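Biologist: I would like a close look at one part of this model, the place where two helices pack against each other, and at what lies around it. Could you take me through it step by step?

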Amino acid sequence: MTLHKPTPAATKRQRASEAVPAPATAPATGHSHRLDDVPSIDIAACPVHVTDEAGALRVITDAASRPHPAPLAVSSINLDHVHHFGDGRRRLGAGDVEWLHLIDGAPIAHQAQRVVHADVPRLAGSDLIVQILDDADRRHLSVAVLGGSPEVSAPLRERLARMWPGLRFTGHWTPPREEISDPARSRAVAGEIRDSGTDILIVCLGKPRQEEWIDTYGSATGAGTLLAFGAVVDFLAGRVSRAPRWVAAAGFEWMWRLMLEPRRLARRYLIEGPPAYLAVRRSHSPTRA
């Protein structure tokens, strides 16, 4: 697999981050104001932050290295997220973390574009991770991964050391599903991660487990930034190939992934995806204040 940095989309209209006014009030969590200047909207009852690549990276990388009362958690908003966290379903925000919700899927980007009347970029975790690790490498930060299979630990460690020699890899935790669902075991894992001195934790447990785990145990890990980035561990380890750029640009990355992993992804894309897509198209979202 070739890791590549995304190229910023050309903007023919006003940029989305300029089209949506910044919220006038602080987040309900009572945490500091690092997200106050990041506009947000609701799509299918899911909060979505409207920003560009530079804005997202600035918030993410600063959180990893600056002391803060609450860690920053980052989610990718796509149809799978709407299926699990949409109207009447699970809600995030009960834990002591602050959430940055980035637009991932093409349907979410298109709906946001209709709402704010401006170009809205997709900010997939599998694209952002390269630049996040570039920054961690320059700042000599520490990175760990939670999730994925034990078989990818060795190639993951080797690739991180080769491509980002300046960062410190503090560990790869691969507890089975039954352990990650056990509160005592999850607290123990969070304690181990805290003891390792991790600055950035990449959580790859799949939706909705990764977001729920971060919401509940994220602050106990001691990490400044927690990334709910799903299959990124397999991309980093070279186990799964990214879709070609033209496929992703056309909005068909889901089809590429379904072709590569049909048994694992068929239900997500073919059964759960269509109702989530309809919910997105039917949503009419005002700007959140």
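Modeller: What follows is a walk through one helix pair and then the nonpolar cores. The model is predicted, and every value below is computed from it. The pair consists of helix 2, residues 53–65, and helix 5, residues 125–139, whose axes come within 10 Å and cross at roughly 40 degrees. Because angles under 35 degrees count as roughly parallel and 65 to 115 as roughly perpendicular, helix 2 is oblique to helix 5, and the crossing of the two is right-handed. On the side of helix 2 the contact is made by Glu53, Leu57, Ile60, Thr61, Asp62 and Ser65, while helix 5 brings Leu128, Gln131, Ile132, Asp135 and Arg139; sorted by class, these are four nonpolar, three polar and four charged residues.

Within this contact, Thr61 of helix 2 deserves a separate word. Thr61 counts as buried because its relative accessibility is 8%, under the 20% cut-off, and, leaving aside residues up to four places away in sequence, Thr61 touches Asp135 and Arg139.

Helix 2 and helix 5 each also supply at least two residues to the largest nonpolar core, as do, among others, strand 4 (98–103) and strand 7 (200–204). That core has 39 residues, of which Leu100, Ile129, Ile202 and Leu227 touch the most other members. Ile129 touches Ile202, Leu227, Phe229, Val232 and Leu236, again not counting residues up to four places away in sequence. Apart from this core lies another, of 20 residues, including Ala44, Cys46, Val116 and Val120.

Notes. Residues numbered from 1 in each chain as written. Predicted model: local features only at pLDDT ≥ 70, side-chain atom pairs only at ≥ 80, totals over all residues. Heavy atoms only, no water. Axes fitted to C-alpha atoms, helices over the stretch in contact; angles between N-to-C directions. Helix = DSSP H or I, 4+ residues; strand = E, 2+ residues; numbered from the N terminus. Parallel < 35°, antiparallel > 145°, perpendicular 65-115°, else oblique. Left-handed = near helix turned anticlockwise from the far one by under 90°. Contact = heavy atoms within 4.5 Å. Nonpolar A, V, L, I, M, F, W, Y, C, P; charged D, E, K, R; others polar. Buried < 20%, exposed > 50% of the residue type's maximum accessible area, 1.4 Å probe, protein only. Core = buried A, V, L, I, M, F, W, Y, C linked by side-chain atoms within 4.5 Å.
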